[in-house]
Amino acid sequence: MSRKIKLIWDFRGPTSEKTAQHHEIHLKEYIAIEQLPIEITGFEVYNEMYAIAFMVVTDENMIQVRDALKPHRGELFE
C-alpha cells in the first residue's frame, strides 16, 4: 500500500485566505490536465495572516507533482 503525502503551499499576509482558495483551483486544473488519480485537495485558514493550499498524492505521483508544482513542504497524510 502506498503512503499518502500531503503537499503544502503556504500563504501569508492579509490576502492569504483568498490566495490559498484560488491556488486550490489551479491544483484541481493540474490534476484534470494530467489525468492524475488524485481526489483530495483543499485549503485551510489558520488565522487572518496565514493559510495553506494542499494536495494529497501517493508515492507514485509525488515526484511528478513536486517537480512540476514546487510545493513549499510536505508531510505524511493519514
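S16 is tucked away in this predicted model: its relative accessible area is 1%, so it counts as buried, the cut-off being under 20%. You'll find S16 in helix α1, which covers residues 16-34. Its side chain reaches over to the backbone nitrogen of Y50, at 3.3 Å. Y50 also turns up among the contacts S16 makes beyond four places in sequence, along with F11, N47, E48, M49 and A51.

Now for Q35, in the loop between α1 and β2 (40-47). Is Q35 buried or exposed? With a relative accessible area of 72%, Q35 is exposed, since the bar for that is over 50%. Q35 and F77 sit 42 residues apart along the chain, and 21 Å separates their C-alpha atoms.

Here are the two residues side by side:

| Residue | Place | Relative accessible area |
|---|---|---|
| S16 | helix α1 | 1% |
| Q35 | loop between α1 and β2 | 72% |

On to the greasy parts. Nonpolar side chains tend to be buried together in soluble globular proteins. Here the largest nonpolar core has 16 residues, and L7, W9, L36, I38, M55, V57 and V65 have the most contacts inside it. Two or more residues come from each of β1 (4-12), α1, β3 (50-58) and α2 (59-69). A second core, separate from that one, has 5 residues, including I8, Y50, I52 and V56.

Back in the largest core, V65 is worth a click. Setting aside neighbours within four places in sequence, V65 is in contact with L7, Y30, L36, I38, M55, V57 and K70.

Conventions:
Residues are numbered from 1 along each chain as its sequence is written. This is a predicted model: local features need pLDDT of at least 70, side-chain atom pairs count only at pLDDT 80 or more; totals for chains, interfaces and linings use all residues. Side-chain values use heavy atoms; hydrogens and water are left out. Helices (H or I, at least four residues) and strands (E, at least two) are DSSP runs, numbered from the N terminus. Buried means under 20% relative accessible area, exposed over 50%, partly exposed in between (1.4 Å probe, protein chains only). A polar contact is a pair of N or O atoms within 3.5 Å; within protein, one must be able to donate a hydrogen and the other to accept it, and residues adjacent in sequence count only if both atoms are side-chain atoms. Contact means heavy atoms within 4.5 Å. A nonpolar core is a set of buried Ala, Val, Leu, Ile, Met, Phe, Trp, Tyr and Cys residues joined through side-chain atoms within 4.5 Å.
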